[in-house]
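I opened a new structure today and kept notes as I went. Here is what I looked up, in the order I did it.

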Amino acid sequence: MKKNNIVLVGGGSTWTPGILKAMTTHLDAFALNRVVLYDIDEKRQEVIGEFAKILFKEEAPEVEVVYTTDKEVAYKDVDFVFCQMRTGGFDMREKDEKIPLSLGVIGQETCGPGGFAYGLRSIKDMVEMVKDVRRLSPDAWILNYTNPAAIVALALDKIFPKENKILNICDQPVNLLRSYSKLIDHDVNKLEPVYFGLNHFGWFTHIYDETGKDRAPELKEIILKGGFRPVDAEQRDQSWLDTYAMVEDMLTDFPDYLPNTYLQYYLYPEYKLSTSDPKRTRTDEVRAGREKNVFAECRRIVENGTARDSKVVHNDAHGDMMVEVAASIANNLRKTFIVMVRNDGIVSNLPDDSMVEVNASLGSNGPAPYAVGKIDTFYKGLIENQYAFEKLTVEAYMEESYGKALQALTLNRTIGDAKKARKVLDALIEANAEYWPELK
Ligand code: NAD
Ligand code: G6P
Ligand code: MN
């Protein structure tokens, strides 16, 4: 089996330790030669990089581990790029969340005006990353998790239309599947989901077990009777528990399919607004929780010189999925994953150039998506509206267009009013002056 050289972009991310841990436990499936961690923040990178050195020395000493802030080192001779950067960091995420809330609309990392603002920041760095990688490693696979993945995926598809080695992925379908598997007490590896939509905007139509039986009806019944909690509830902050609980509301109103949790922001924007605190948002929770814990744990490990007693893995599903996706491509396993791909007729009544999130078999030639066919009016209407928002957001970036930005925000279901959209846009322009193109 070929041993891969990989680079993790956003090597100082809170998710990196979990991904590295998953790499050490999947070496039979995804063999490694060299792991490079790359970040623009030297301090964050050093803490996680030193942890990585200890982890690999103990678990896989044959793998070379390097950490760097030099992209010329990072992107050279790479087989796989795992990308999970956050342009502007948590300081800007906080603004994405709090500025809209201060103006009476919800702010969220990937949804509504928060996702819009983050999208306009991410595109620039992502385009630069793709160009740098192509200069130094023309054949590398680029696996992207950077959010807002829907907007990033669409922008990269428009800006690099000939690229066929960039894949955008989200872990939320896998997170949900793990939680479903607990509800019906069934091995998650034996469940086969069928899914359609846009990223953070989709539905499971079926959850087949190994006998071919669809377990979705049973799952809906269980959730409607007893509510829904994530499988890793003890590790979750209150806002995530509230988010999972909203699945019951969504199923009560729209019982056809099992919804992605992110749909709550689009279906119940007024309720979400009324239960949000403009002074304390998800960023405050992440800083006090995941970020603090991950960095404290990595520092502790570095001080002790061993990771053997490490509790650092925060979300197994995330790391496992990232490595399994890479393994499926590297070794042409053709396993099925839920990924983002250009529609091109997969959902036959949605635009060809939308980036849909659907099942695909993943091999060395990339994703081979499964056809979905026609979707019903309610889902088509919601998706077309959201896709128009995403497309206008990308066009606003590419054309530096204030008009398109205003159209995008006006269309977004979390806002739905042009005067509010203008207020939010103007405030976000001011806050993002350092990061956005100048919208004219
Ligand atoms: P984080 O801020 O802890 O980590 C991001 C890191 O990226 C930081 O260390 C930062 O310095 C670095 N960075 C910023 N700009 C960079 C650039 N241009 N080049 C290289 N590095 C850069 O954030 P986090 O919460 O760990 O999340 C990281 C990213 O992963 C976010 O975009 C998040 O939304 C995304 N994510 C996506 C999924 C998914 O389902 N697709 C799941 C989890 C996390
Ligand atoms: C889910 C989503 C990701 C998101 C992550 C963390 O896994 O799929 O896109 O980045 O949650 O969100 P948080 O609010 O905990 O940083
Ligand atoms: Mn996601």
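**Entry 1: the metal site**

I started with Cys-170, which is buried, since its relative accessible area is 8%. I should say right away that this is a predicted model. Next I checked what Cys-170 is doing there: its SG atom and the NE2 atom of His-200 coordinate the manganese ion, ligand 3, at 2.2 to 2.4 Å. The two residues come from distant parts of the chain, 30 residues apart. Cys-170 is in the loop between β6 (166–168) and α7 (172–183), and His-200 is in the loop between β7 (192–198) and β8 (201–208). Is His-200 buried or exposed? I looked it up and got 5% relative accessibility, so His-200 counts as buried.

**Entry 2: around ligand 1**

I moved on to ligand 1 and found 26 residues around it. Ser-13, Thr-14, Asp-39, Arg-44 and Tyr-118 come nearest. I sorted the shell by type and got ten nonpolar, eight polar and eight charged residues.

Then I went through some polar contacts with side chains. Arg-44 has a side-chain N or O atom 2.6 Å from an oxygen of ligand 1. For Glu-109, the distance from a side-chain N or O atom to a ligand 1 oxygen is 2.7 Å. With Asp-125 the ligand atom is a nitrogen, and the distance is 3.1 Å. How much of ligand 1 does the protein cover? I noted 94% of the 870 Å² of accessible area that ligand 1 has on its own.

**Entry 3: Arg-44 again**

Arg-44 turned up a second time when I looked at salt bridges, of which the structure holds 33. The side chain of Arg-44 forms one with Glu-291, at 2.7 Å from N to O. Glu-291 sits in helix α12 (residues 282–304) and Arg-44 in helix α2 (residues 42–59), so this pair ties together parts that are 247 residues apart in sequence. I jotted down a reminder about the chemistry: side chains of opposite charge can pair when their charged atoms come close.

I also checked how covered the two partners are. Glu-291 has 15% relative accessibility, so it counts as buried. Arg-44 comes out at 22%, and the cut-off for buried is under 20%, so Arg-44 counts as partly exposed.

**Entry 4: two more salt bridges**

I picked Glu-128 and Lys-71 next, whose side chains meet in a salt bridge at 2.9 Å, N to O. Glu-128 belongs to helix α5 (residues 112–136) and Lys-71 to helix α3 (residues 71–74), so they tie together parts that are 57 residues apart in sequence. Glu-128 is partly exposed at 39% relative accessibility, and Lys-71 is partly exposed too, at 23%.

My other pick was Lys-380 with Glu-384, where the closest N and O atoms are 3.5 Å apart. Why are they about one helical turn from each other? Because they are four residues apart in helix α14 (residues 377–399). Lys-380 has 24% relative accessibility and counts as partly exposed, and so does Glu-384, at 31%.

Last thing for today: I followed shared partners and found a network of salt bridges joining Lys-71, Glu-72, Glu-128, Asp-132 and Arg-135.

Methods
Residues numbered from 1 in each chain as written. Chains lettered and ligands numbered in written order. Predicted model: local features only at pLDDT ≥ 70, side-chain atom pairs only at ≥ 80, totals over all residues. Heavy atoms only, no water. Salt bridge = Lys/Arg side-chain N within 4 Å of Asp/Glu carboxyl O. Buried < 20%, exposed > 50% of the residue type's maximum accessible area, 1.4 Å probe, protein only. Donors = N, O, S within 2.8 Å, 3.2 Å for Na, K, Ca; no water. Near = heavy atom within 4 Å. Polar contact = N/O pair within 3.5 Å; in protein donor to acceptor, adjacent residues only side chain to side chain. Areas by Shrake-Rupley, 256 points an atom, 1.4 Å probe, with all protein chains shown as cover. Nonpolar A, V, L, I, M, F, W, Y, C, P; charged D, E, K, R; others polar.
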